[in-house]
Amino acid sequence: MHIPRSPVARLIAAGSTVAVVALLIVTKESWAHGALKSSVPAAGAHLDRVPREIRLEFNETAERAFTRIALVGPGGKTVALTPVRIPKDSPRVALASITETLGPGVYTVQWQFGGKDGHPVRGTFKFTIAPGARPDSVESSAGVDSAAMPHHPPTSIPDNPDPAAFDAQSPLFAAIRWLTFLAAFGIVGAAAFRYAVIARVNLVGSAAGLAVVEPALSRAAGIGLAATGLLLVVAIARLYAQSLAMHGPGEALHGEVVATMLSATLWGRAWVLQILGAGLGLVGFVAVRRGRFGGWALVGAASLVVALSLALSGHAPAAPRWSAAVVIADTLHVIGAAGWLGSLFFVLFAGIGAASRLAPEQRGPAVADVANAFSPTALVFAGLAGITGVFAAWIHLQRLDALWTSDYGRTLLLKLAVLSVVAGTGAYNWRRVRPALGDEVGARRVRRSATAEILVAVVVLGITAVLVATGTPSAGSP
């Protein structure tokens, strides 16, 4: 189906490209998540007692499989440490006992932290042991849970001096997250199109509307199948990128390391959940393509699983309070946003696309039926996305001025600004285009305006890909 490219659509496409490129070259420093709050020994300390352990406290809960500590002594000699431990009663604290006797000199602590969202942060600090320092009489910390120690504990902290390295904070990783969102919106949007839009077309029951139902659902299943395939491919790329970011190129493909990352971290479990959701969607879409429309039930289940997996691999699990409620809200936010913008894509390419193949006298009425069915569902889904988005912003920003004084807040403002263009285009469609539907002229107008709306929505997802990698003020990030 040919979709006319109006000057407005071309302008939006150009602006979209510029906005996304600008976002993808944001400096890595502004994307950092967790941070080191305190340490024992403290940074820059001059000690008259020899420490027995390194104790680090972060501003977020530490994932054991993502957290590393190394100690380098005078002359660049690596000091032997025990594997990292996380106290049961202090999940933000990481400990490593020193198994050698330390002499005087300057020591460098290298650390890597990964929170529940899986984004790595690294740093170093130094302390000095004075000549004649005596052994510390304080025993190593107790109360440590060792049951879930990684089978293959980290042996080194990867060093990526090249800012263009393929890392979890790199522009290329942001592009992978962007493609993940696009694919997920394809799956969730397909379910919303089937159970909200087409359900209303069936409810109205006009001859033109009923004639478009089956070919529209078949087209939707084909698009959804492509989205599922994209999600599976991008998920593999995301897993490799995550392992490369956490373990460095030497261990990125180590089977035991990857297995530990998938089984011992929330990020890994969310990844597995996403693969399961994609698998459900794959089976469901194939069934629909083969004429078994009961496969849509599997697609509906897949959309819920995929939405939950996105929530579990974002900011929500690391929220400073009510994390379970924030995860639920983020899941509903994905459903709301995809139900609004994702189903619009299916309205354009599946619903209106199928209507264009009908007899001339049925095309205009069929397009009108599909558009009229979409409008009220779009309002409901957009409202759900708005309410849950405000709740998440309230949790993560903590204070109003963080909206313009923090990197997270400024990125959120940019997202809202671009999203307002989507909302404005949608309002134009609702108030000006939809009432004029019913003939070929109206069908062409709705195609053009819906195309512009989708282009801006793609930019919104690009900004979101940056936002989920930007530290929140609630986590102490700038």
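The lining of the largest pocket divides into 28 nonpolar, 14 polar and six charged residues. Please bear in mind that we are looking at a predicted model. The lining comprises 48 residues, and those nearest the centre of the pocket are His333, Gly389, Lys415, Thr464 and Leu467. The volume of this pocket is about 1100 Å³.

Which helices supply the lining with at least two residues each? They are H2, H3, H6, H7, H8, H10 and H11. H8 provides the largest share, with ten residues.

Let me now take some of these helices in turn, beginning with H8, which runs from residue 360 to residue 397. From its first C-alpha to its last, H8 covers 53 Å with its 38 residues, close to the expected 56 Å at 1.5 Å a residue. Just after H8 comes Gln398, with a positive phi of about 70°. As general background, most residues other than glycine have a negative phi.

The next helix is H3, residues 207-247. Its 41 residues should span 60 Å at 1.5 Å a residue, and because the end C-alpha atoms of H3 are indeed 60 Å apart, the two values agree. H3 nevertheless has a kink of about 35° at Val213, shortly before the proline Pro215. Following H3 is Gly248, which has a positive phi near 80°.

H2, residues 171-204, also contributes to the pocket lining. How far apart are the end C-alpha atoms of H2? They are 47 Å apart, which agrees with the 50 Å that 34 residues should span at 1.5 Å a residue. A bend of about 35° occurs in H2 at Phe193. Just after H2, the phi of Gly205 is positive, about 75°.

Away from the helices, I would draw your attention to one peptide bond. Between Val40 and Pro41 the bond is cis, with omega near 0°. As a general matter, most peptide bonds are trans. Pro41 itself sits in the loop that lies between strand S1, residues 36-40, and strand S2, residues 46-50.

Finally, I turn to confidence. The protein has a mean pLDDT of 77, with 77% of its residues at 70 or more. Where in the protein is confidence lowest, and where is it highest? Helix H1, residues 7-24, is lowest at a mean of 44, whereas H6, residues 296-312, is highest at 93. H6 is also one of the helices that supply the pocket lining.

Two stretches deserve separate mention. Over residues 1-32 pLDDT stays under 50, and the model has 51 contacts beyond four places in sequence for them. Residues 160-166 likewise stay under 50 in pLDDT, with eleven contacts beyond four places in sequence.

Key
Residues are numbered from 1 along each chain as its sequence is written. This is a predicted model: local features need pLDDT of at least 70, side-chain atom pairs count only at pLDDT 80 or more; totals for chains, interfaces and linings use all residues. Side-chain values use heavy atoms; hydrogens and water are left out. pLDDT is the predictor's confidence in each residue, from 0 to 100. Helices (H or I, at least four residues) and strands (E, at least two) are DSSP runs, numbered from the N terminus. Contact means heavy atoms within 4.5 Å. On a 1 Å grid over the protein atoms alone, a cavity is a set of points where a 1.4 Å probe fits but cannot get out, and a pocket is an open set with protein on both sides within 12 Å along at least five of seven lines; lining residues have an atom within 4 Å of a point. Grid points are joined across faces, edges and corners, and a volume is the space filled by probe spheres set on the points. Ala, Val, Leu, Ile, Met, Phe, Trp, Tyr, Cys and Pro count as nonpolar, Asp, Glu, Lys and Arg as charged, and the others, Gly among them, as polar. The expected span of a helix is 1.5 Å times one less than its number of residues. The bend at a residue is the angle between axes fitted to the seven residues ending there and the seven starting there.
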